[in-house]
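Here are some exercises to try with the structure open in front of you. Read each task, have a go yourself, and then follow the solution step by step.

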Amino acid sequence: MHYRLAVTPVENFRIREVIPLKYCQFVKRFAKPYLHKSNYVNMLYQERNMDGFALVRVLFFIKQPVLVVVTEDSPRTVIQEILSGHMELLFKGQKPLLLQPGGYDIFQLSTDEYALVMQPGICEMLRFEFEESVMKTVSKTATVKQWLDKLKSGKSAYFGHRPVDEKLEALQGEMQYCRAFTDEEQEWFNDKLDEVFEMVTEQGVLR
């Protein structure tokens with residue numbers, strides 16, 4: 001993901017690898033943290049990507065109302081959960097969508113820009129990403145076929161909302177605390193990403 005601030009005068013995020021002490025309590029073990037700083041919002045960003053599957057965690061520390069514009073490197077389907085706080089999601093030509101705790105949302109993300117509308121406070125976002133390239137190599141269930149068909153449109157879109165069951169919640173917790181640095185840990189982490197993918201696609205196509 002690439003972020004920019006829709007503000008005047010123009011301000012860019014300043015990325016830091018050294019995490020200030022006050023943010024260290026929010027860091028999980030699964031990936032190296034980066035701090036994206038600005039006068040409007042600070043973002044604590046962690047991502048681990050393996051073979052086209054990824055786990056991404058972002059904490060937004062929002063100081064004043066702001067619009068953050070986001071672009072993706074390649075088309076992907078995303079399973080995203082807001083763990084705390086809230087934000088609005090804006091896709092071009094579509095109604096604003098309120099993202100808040102209580103289940104996960106499924107998105108199709110192309111390489112076109114979309115925006116996040118943020119109000120002061122703290123918002124925690126956790127998401128699993130499945131790139132188009134890797135979905136073409138897995139077993140073509142009805143859900144996977146549906147996701148691939150929708151990605152052909154070349155536009156970002158909202159698919160639907162589902163509750164988080166106990167199994168998915170447990171997987172999220174395990175994966176955030178696994179370092180995934182050694183070969184054995186990486187293999188375990190990759191297996192868990194596969195498990196999440198199978199879990200959400202087995203629930204059937206979206207209506």
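**Exercise 1. Find which residue of strand 6 stands opposite L5, and describe the pairing around it.**

Solution.
Step 1: In this predicted model, look across from L5 to strand 6, where V68 stands opposite.
Step 2: Widen the view to the two strands. Strand 1 and strand 6 (residues 66-71) pair in the antiparallel sense, over four bridges.
Step 3: Now sort the side chains of strand 1 by face. Y3 and L5 make up the covered face, while H2 and R4 make up the uncovered one. In a regular strand, side chains alternate between the two faces of the sheet.

**Exercise 2. Place strand 1 in its sheet: in what order do the five strands run, and which stand at the edges?**

Solution.
Step 1: Trace the open sheet from one side to the other, and the order reads 1-6-11-8-9, with antiparallel pairing.
Step 2: Pick out the edges. These are strand 1 (2-5) and strand 9 (97-99); each has a single partner strand, so one side of each has no neighbour in the sheet.
Step 3: Check the twist, which averages 30° from one strand to the next.
Step 4: Zoom in on the strand 9 edge. Strand 8 (residues 87-90) pairs with strand 9 in the antiparallel sense over three bridges, and L89 stands opposite L97 there.

**Exercise 3. Do the same for the sheet of eight strands.**

Solution.
Step 1: This open sheet has the order 2-3-4-5-12-7-10-13, and its pairing is antiparallel.
Step 2: Strand 2 and strand 13 (157-162) stand at the edges; each has a single partner strand, so one side of each lacks a neighbour in the sheet.
Step 3: From one strand to the next, the twist averages 25°.
Step 4: Look inside the order at strand 5 (residues 53-62) and strand 12, an antiparallel pair with ten bridges. The bridge partner of A54 in strand 12 is E129.

**Exercise 4. Locate the cis peptide bond that involves P9.**

Solution.
Step 1: Find the bond that joins T8 and P9; this peptide bond is cis, with omega about 0°.
Step 2: Place P9 on the chain. P9 belongs to the loop between strand 1 and strand 2 (14-16).

**Exercise 5. Describe the largest cavity and its lining.**

Solution.
Step 1: Count first: there is one cavity of 30 Å³ or more.
Step 2: Note the volume. The largest cavity holds about 70 Å³ of space.
Step 3: Name some of the lining residues, among them M1, Y3, L89, F107, M125 and R127.
Step 4: Ask which strands contribute. Strand 10 (104-109), strand 11 (114-118) and strand 12 (121-131) each supply at least two lining residues.
Step 5: Sort the lining by class, which gives nine nonpolar, one polar and one charged residues.

**Exercise 6. Is R48 buried or exposed?**

Solution.
Step 1: Find R48 in strand 4 (residues 41-50).
Step 2: Compare the relative accessible area of R48, 14%, with the cut-off for buried, under 20%. R48 is therefore buried.
Step 3: Look for F189. R48 and F189 are 141 residues apart in sequence, and 9.4 Å apart in space from C-alpha to C-alpha.

**Exercise 7. How many disulfides does the whole structure have?**

Solution.
Step 1: Recall that a disulfide is a covalent bond between the sulfur atoms of two cysteines.
Step 2: A search of the whole structure gives zero disulfides.
Step 3: Check two cysteines for burial. C123 is buried at 1% relative accessible area, and C178 is buried at 12%.

Note on methods. Residues numbered from 1 in each chain as written. Predicted model: local features only at pLDDT ≥ 70, side-chain atom pairs only at ≥ 80, totals over all residues. Heavy atoms only, no water. Disulfide = S-S within 2.5 Å. Buried < 20%, exposed > 50% of the residue type's maximum accessible area, 1.4 Å probe, protein only. Pairing = 2+ DSSP bridges. Axes fitted to C-alpha atoms, helices over the stretch in contact; angles between N-to-C directions. 1 Å grid on protein atoms, 1.4 Å probe; cavity = no way out; pocket = protein on both sides within 12 Å on 5 of 7 lines; lining within 4 Å. Points joined across faces, edges and corners; volume = space filled by probe spheres on them. Nonpolar A, V, L, I, M, F, W, Y, C, P; charged D, E, K, R; others polar.
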